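Here's a quick briefing to read with the model open beside you. It goes through the open spaces, then a couple of helices, then some backbone oddities.

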Amino acid sequence: MIMPSSVWPNNSPARVSIIGAGKVGSTLAQRIVEKNIADVVLLDVVPGLAEGMALDLMQARGIERCVRFVFGTNNYADTAESNVVVIAAGSPRKPGMSRDDLLQVNAKIVVEAAKKANAHSPDAILLVVTNPLDVMTYLAWQASGLPSQRIVGMAGGLDSARFQAFIAMELGVPTVDVSAMVLGSHGDLMVPLTRYCTVSGIPITELMDNATIERLVERTRNAGAEIVHLLQTGGAYFTPAATTCLMVESILFNQSRFMPASAYLQGEYGLKDIFIGVPCRLGSIGVESVLELNLTETERAALHVSAQSVLKNIQRAKQLM
């Protein structure tokens, strides 16, 4: 039997609630617990789903030598006093769909989740994973009424990890030696910054020709769709969960880690009233600061094109709501 929510250990230093017990949410719960980062509340509207996932994870604790607790529920009251709330609920992409095709169905899910989660954990940092990511992060911010720095979207870290992997695969080098940076919306108009991509400090422009770099850039932009096409029944979840876990860790342990994420801009990069992927410093208060890189005219123009797409979908979402 799963431990009742009222019997959490008194010495538990952190609690993360994950809204949505699908593949991303359940994989994230596994990573957080097995890395002993925090206790986890896993919530889903499907009866028994979160409870079953939680019970399975609890039974693996002895094998994995982890001490964190997992509690499954469909009641938002059980998420009370969370330090971080992750919204991973929503409909996944199917082959042939873009992230923007999910706008209408996922907007309602995210707005409801943000309101209910904030009602029980008003001091939490809200981390959004649901697609279309940048728009959903904006809607969660409006629905929750939280300060903008306490809302952050997972995107740039995922896109950068994909670009990092493709560079490593192309060159036959360890992935950990590769550093990559991707800005902009989490979609076809993302902006990989090749000038900031290196292998052991060496710019990739010294290691690959322009045609190869452009091919990897295009594969990065379509990386999510490539996995959706291959799986046929859903999208990626290992790397999204790993990226989100890294963000949760930076927030809970106040690591002030620099990573690209969807953050609220108030004039940075010439953009206002928008959540979009930019380099951020993440710590215990959420987005501690936004790093404004010195972009070329071409890079800045591409970022603004990406932003216009997000702004257009924000207006669409507001009309739907």
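By class, how many nonpolar, polar and charged residues does the lining of the largest pocket have? The split is 23 nonpolar, 14 polar and seven charged residues. Keep in mind that this is a predicted model, and that the volumes and angles below are computed from it.

**The largest pocket**

- The largest pocket holds about 860 Å³ of space. Its lining runs to 44 residues, and the ones closest to the centre are Ala88, Ala89, Gly90, Ser91 and Pro92.
- Helix H4 gives the largest share of that lining, with five residues. H1, H4, H6 (156-171) and H8 (223-231) each put in at least two.
- The UniProt record, an unreviewed entry, carries a "binding site" annotation on Arg93, Arg99, Asn131 and Arg162. Arg93, Arg99, Asn131 and Arg162 are included in the lining of the largest pocket.

**The second largest pocket**

- About 530 Å³ of space lies in the second largest pocket. It has 20 lining residues, and nearest its centre you'll find Gly157, Ser160, Ala161, Gln164 and Leu246.
- Two or more lining residues come from each of H6, strand S7 (178-179), helix H9 (238-252) and strand S12 (257-266).
- By class, this lining divides into 13 nonpolar residues, six polar and one charged.
- Take a look at serine 160, which sits in helix H6. Serine 160 is buried, with a relative accessible area of 7%. Apart from its neighbours within four places in sequence, serine 160 is in contact with Ala180, Met181, Val182 and Pro260.

**The enclosed cavity**

- There is one cavity of 30 Å³ or more in the model, and the largest cavity has about 40 Å³ of space.
- Lining the largest cavity are Val85, Ala114, Ala117, Asn118, Ser121, Ala124, Leu126 and Leu146.
- Which helix supplies the largest share of this lining? That would be H4 (residues 103-120), with three residues.
- The cavity lining has six nonpolar and two polar residues, and no charged ones.

**Two helices with a buried side**

- In helix H2 (residues 49-59), the buried residues are Ala50, Ala54, Leu57 and Met58. They're on the same side of H2 because they cover an arc of only 100° around the axis.
- A handy reminder: an α-helix has 3.6 residues a turn, so residues three or four places apart point the same way.
- Asp56 and Gln59 are exposed on the other side of H2.
- Among the elements covering the buried residues of H2 are helix H1 (23-34), strand S2 (39-43), helix H3 (61-64) and strand S3 (70-73).
- H8 has Ala223, Gly224 and Val228 as buried residues. Looking down the axis of H8, its buried residues fall within an arc of 140°, so they line one face of the helix.
- On the face of H8 turned away from that buried side, the exposed residues are His229 and Leu230.
- The buried residues of H8 pack against H6 and helix H7 (210-221).

**Backbone oddities**

- For background, most residues other than glycine have a negative phi, and most peptide bonds are trans.
- What kind of peptide bond joins asparagine 131 and proline 132? It's a cis bond, with omega about -5°.
- Asparagine 131 lies in the loop between strand S5 (125-128) and helix H5 (133-144), and proline 132 has its place in the loop between S5 and H5. Recall that Asn131 is also covered by the "binding site" annotation in the UniProt record.
- Arginine 65 isn't a glycine, yet it has a positive phi of about 60°. You'll find arginine 65 in the loop between H3 and S3, where it is exposed, with a relative accessible area of 67%.
- Asparagine 254 also has a positive phi, about 50°, although it is not a glycine. Asparagine 254 belongs to the loop between H9 and S12 and is partly exposed, at a relative accessible area of 40%.
- Glutamine 232 comes just after H8 and takes a positive phi of about 70°.

Methods:
Residues numbered from 1 in each chain as written. Predicted model: local features only at pLDDT ≥ 70, side-chain atom pairs only at ≥ 80, totals over all residues. Heavy atoms only, no water. UniProt positions renumbered as here; feature names shortened; annotations may be inferred. 1 Å grid on protein atoms, 1.4 Å probe; cavity = no way out; pocket = protein on both sides within 12 Å on 5 of 7 lines; lining within 4 Å. Helix = DSSP H or I, 4+ residues; strand = E, 2+ residues; numbered from the N terminus. Points joined across faces, edges and corners; volume = space filled by probe spheres on them. Nonpolar A, V, L, I, M, F, W, Y, C, P; charged D, E, K, R; others polar. Buried < 20%, exposed > 50% of the residue type's maximum accessible area, 1.4 Å probe, protein only. Arc of directions from axis to C-beta. Contact = heavy atoms within 4.5 Å.
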